[in-house]
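Colleague: Could you take a close look at one part of this protein for me, please? I'd love to hear how its domains sit against each other, with a word on the helix packing as well.

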Amino acid sequence: MLTLHGFAYSNYFNIVKHQLLVKGVPYQENRIYPGEPGLLEVSPAGKVPALTTEDGVHISESSVMVDYIEEAYPQHSLYPESAQDRAKVRQIMKISELYLDLPARRLLPAAFGAGPADEVTKTEVRASLQRGLDALSQLAQFAPYVAGAKLTLADIYLRYALVIPAMVAPSQLDWDITAAVPGLAQWLTFMSESEISQKMDADTLANRDEFMARIAARNG
Ligand SMILES: N[C@@H](CCC(=O)N[C@@H](CS)C(=O)NCC(=O)O)C(=O)O
């Protein structure tokens, strides 16, 4: 059986977990946090998540993991059939990661109480998020899914890539990013209604206190 290493408060862990649940691929979870012994053996950069295949091969980086899972477990494909449509889905996944999740992470320390962010950082993060949101406005179909009529990895990536921007933008940038893209707020609600999303959100919430206690210990 596959083993998914990581913790439920991690949005990248949740991308892979959501995919596994949609596809109905059996897996077990190994709860492990960055810095803990054993993580580097499965994830050379020390990042969460990582995946151990049924043959005992360790894979890290969520985009690599989701592609491995699509190839090894073709049931309920989360990529469209044509190469062109697959590229569109990957484009949204990449933009979500590069211009929404990654810049917003720079404001996480401030959002978690480690002291205020400086104005230069805030200006840079705001510009990157604007770039991502503008790109999304151009690419997203929300019909009803982000890349058209079917659920794809673009929906799963975008849902979890928006978690940190939605967490930090209101408090650090005084900005409701969900209002910045027409149809985005409705799509978020639509996505949150599935049974799988509800399980995902409940599992994330259940891990919140343990994760926050680790952050508090690290901040001293
Ligand atoms: N590029 C990585 C990013 C994963 C990532 O940033 N994970 C966070 C948890 S959500 C982490 O491990 N942070 C610990 C660290 O940066 O040391 C992926 O796609 O899997």
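Modeller: Happy to! The domain assignment, which is automatic or comes from a database, splits the protein into domain 1 (2-77) and domain 2 (83-195). This is a predicted model, where local features need pLDDT of at least 70 and side-chain atom pairs count only at pLDDT 80 or more, while totals for chains, interfaces and linings use all residues. Residues are numbered from 1 along each chain as its sequence is written, and side-chain values use heavy atoms, leaving out hydrogens and water.

The C-alpha centres of the two domains are 22 Å apart. Their contact (heavy atoms within 4.5 Å) draws on 13 residues from domain 1 and 15 residues from domain 2. Between them the domains bury about 1,200 Å², with 61% of it on carbon and sulfur atoms; buried area is the accessible area (1.4 Å probe) that two parts lose on being put together, summed over both. On the domain 1 side, Asn 11, Tyr 12 and His 18 lose the most area to domain 2, together making up 44% of what that side buries.

Now for the helices, which are DSSP runs of H or I with at least four residues, numbered from the N terminus. Helix α6 (residues 119-139) and helix α8 (residues 163-173) have axes that come within 12 Å and cross at roughly 135°. That angle makes α6 oblique to α8. In this pair, Lys 122, Val 125, Arg 126 and Leu 129 of α6 meet Pro 165, Gln 172 and Leu 173 of α8. The contact residues comprise 4 nonpolar, 1 polar and 2 charged.

How values were computed
Axes are lines fitted to C-alpha atoms, for helices over the stretch in contact, and angles run from 0 to 180 degrees between N-to-C directions. Helices (H or I, at least four residues) and strands (E, at least two) are DSSP runs, numbered from the N terminus. Angles under 35 degrees count as roughly parallel, over 145 as roughly antiparallel, 65 to 115 as roughly perpendicular and the rest as oblique. Ala, Val, Leu, Ile, Met, Phe, Trp, Tyr, Cys and Pro count as nonpolar, Asp, Glu, Lys and Arg as charged, and the others, Gly among them, as polar.
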